[in-house]
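Biologist: Can you pull up the model? I want to go through it with you.

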Amino acid sequence: MYDRFLNNFTDFIFVEHEPKEADIIFIPGNGFPQMALEAAKLWKEGYAKWILPSGRYSTLVGHFSGVMAMQERFSNNYRTEWEFLHEVLRSEGVPDEVILREEQATYTYENALMSKKVTDEKGLEIHQAIICCKSHHARRCQMYYQLVYPDAELLICPSDAEVSRENWHTTAEGIDLVLGEIERCGGQFHKILRDLK
């Protein structure tokens, strides 16, 4: 019974797809470089023309809270998540002209909403998109971006930053992260779903 509960939680949160050709790669804002490194790799492999990192900083903190991994490689003082993710992409050889800019979002739903504003202003039609996010953030990212891009096929290509689908249940921090995501997937959608009626 215990294993069945774990498997249900794991399968719900840790969404992952094989990449395929897309119109754009989205990176929801955060302080981990792994997602931008994955996006750069996919871009170099020809999966999309555009990359759109999104994010100012967490609304809970009120400023960019810093680089959370690989600090020896990414040691500048970044003002925003976008600025940090942009540097990660540039360090991997992604040219400026394919990196779009969204530097206002302060939480995940805003990442999706503000990204839509950028793609609309650029005149981009998004039929397929790749989302490079933290692995335990995958379901919530998928839900929010699908609300904003309802007709697009979204492919989640996550990276393990804090926990993975294999180890999340082995530490108190991992349990809090993943079960917290499950709570947010329900709690944060109350108003959204009511507004959609």
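Modeller: One term before we start: buried means under 20% relative accessible area, exposed means over 50%, and partly exposed lies in between, with a 1.4 Å probe and protein chains only. This is a predicted model: local features need pLDDT of at least 70, side-chain atom pairs count only at pLDDT 80 or more, and totals for chains, interfaces and linings use all residues. Residues are numbered from 1 along each chain as its sequence is written, and side-chain values use heavy atoms, with hydrogens and water left out.

Biologist: Is Cys 141 buried or exposed?

Modeller: Cys 141 is buried, because its relative accessible area is 0%.

Biologist: And how many disulfides does the structure hold?

Modeller: Zero. A disulfide here is a pair of cysteine sulfur atoms within 2.5 Å. Cys 141 is in none; its nearest cysteine sulfur belongs to Cys 133, 4.1 Å away.

Biologist: What about Cys 157? Which cysteine sulfur is nearest?

Modeller: That of Cys 132, at 5.7 Å, and Cys 157 is in no disulfide. Cys 157 counts as buried, because its relative accessibility is 5%.

Biologist: Switching topic. What is the secondary structure?

Modeller: Seven helices and four strands. These are DSSP runs, numbered from the N terminus: helices are H or I with at least four residues, strands are E with at least two. From the N terminus, the order is α-β-α-β-α-α-β-α-β-α-α.

Biologist: Where is Asn 8?

Modeller: In helix H1, which covers residues 2–13. Asn 8 counts as partly exposed, because its relative accessibility is 46%. Its C-alpha lies 16 Å from that of Leu 177, and the two residues are 169 apart along the chain.

Biologist: Now the whole protein. What is the radius of gyration?

Modeller: The protein has 16 Å, which agrees with the value near 16 Å for a compact globule of 197 residues. The radius is taken over C-alpha atoms, and the globule rule is 2.2 Å times the number of residues to the power 0.38. The C-alpha trace spans about 50 × 45 × 35 Å along its principal axes.

Biologist: How many of the residues count as buried?

Modeller: 50% of the 197.

Biologist: And the contacts?

Modeller: Contact means heavy atoms within 4.5 Å. Among contacts with a separation of 6 or more, 77% join residues 24 or more positions apart.

Biologist: Last one. What does the protein expose?

Modeller: About 10100 Å², with carbon and sulfur atoms supplying 49% of it. That area comes from the Shrake-Rupley method with a 1.4 Å probe; for residues, only the protein chains shown count as cover.
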